[in-house]
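Take a look at the model below. Some questions and answers on it follow.

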Amino acid sequence: MKWLIVGIMVAATTAGEVLQAYGMRRHGEIRDFRPGALRRALSLVARNRYVIASVVSMAVSFFALMKLLSVTELSFAVPVSAVTYVLETVLAKYVLKERVNRLRWAGAALVICGVALVSL
């Protein structure tokens, strides 16, 4: 049961982060910080379907974490959730077309090693 919850949490977190990045890239950089301009930017972001999907995904992730914490220890739940960093790195490279250097891949590999140690 706990691995199913971990899977849901990891998938929802990963989807939420990638959707948020994609949605904000589509929106563009916010350069005007006057109150009226910020309201307009917030209104546009709030109607961005990728940002909305990101918020929904992150809500699913939050409630999955709450459920996971009710069935297992914090010392397991938080480290095992770090696998999202690896999945996000892969999706950043192949979906968002980001350049991921060797140092970041090495960091992702270390995260996987840490998750494997904690999950034993």
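The questions go from the whole chain to one glutamate.

Q: What average pLDDT does the protein have?
A: This is a predicted model, where local features need pLDDT of at least 70 and side-chain atom pairs count only at pLDDT 80 or more, while totals for chains, interfaces and linings use all residues. Residues are numbered from 1 along each chain as its sequence is written, and side-chain values use heavy atoms, without hydrogens or water. pLDDT is the predictor's confidence in each residue, from 0 to 100. In the protein, 100% of the residues score at least 70, and the average is 93.

Q: Which helix has the highest confidence?
A: Helices are DSSP runs (H or I, at least four residues), numbered from the N terminus. The protein has 6 of them and 0 strands. Confidence is lowest in helix α2 (residues 35-46), at a mean of 89. The highest mean, 97, belongs to helix α3 (residues 49-71).

Q: Where is E88, and which residues does E88 touch?
A: E88 sits in helix α5 (residues 83-94). Contact means heavy atoms within 4.5 Å. Leaving out residues up to four places away in sequence, E88 touches T13, T14 and E17.

Q: How far from E88 is the nearest side chain of opposite charge?
A: E88 is buried (under 20% relative accessible area, 1.4 Å probe, protein chains only). Lys and Arg count as positive, Asp and Glu as negative; His and the chain ends are not counted. E88 has no salt bridge (a side-chain nitrogen of Lys or Arg within 4 Å of a carboxyl oxygen of Asp or Glu). The nearest opposite charge is on R25, at 11 Å.

Key. Helix = DSSP H or I, 4+ residues; strand = E, 2+ residues; numbered from the N terminus. Buried < 20%, exposed > 50% of the residue type's maximum accessible area, 1.4 Å probe, protein only.
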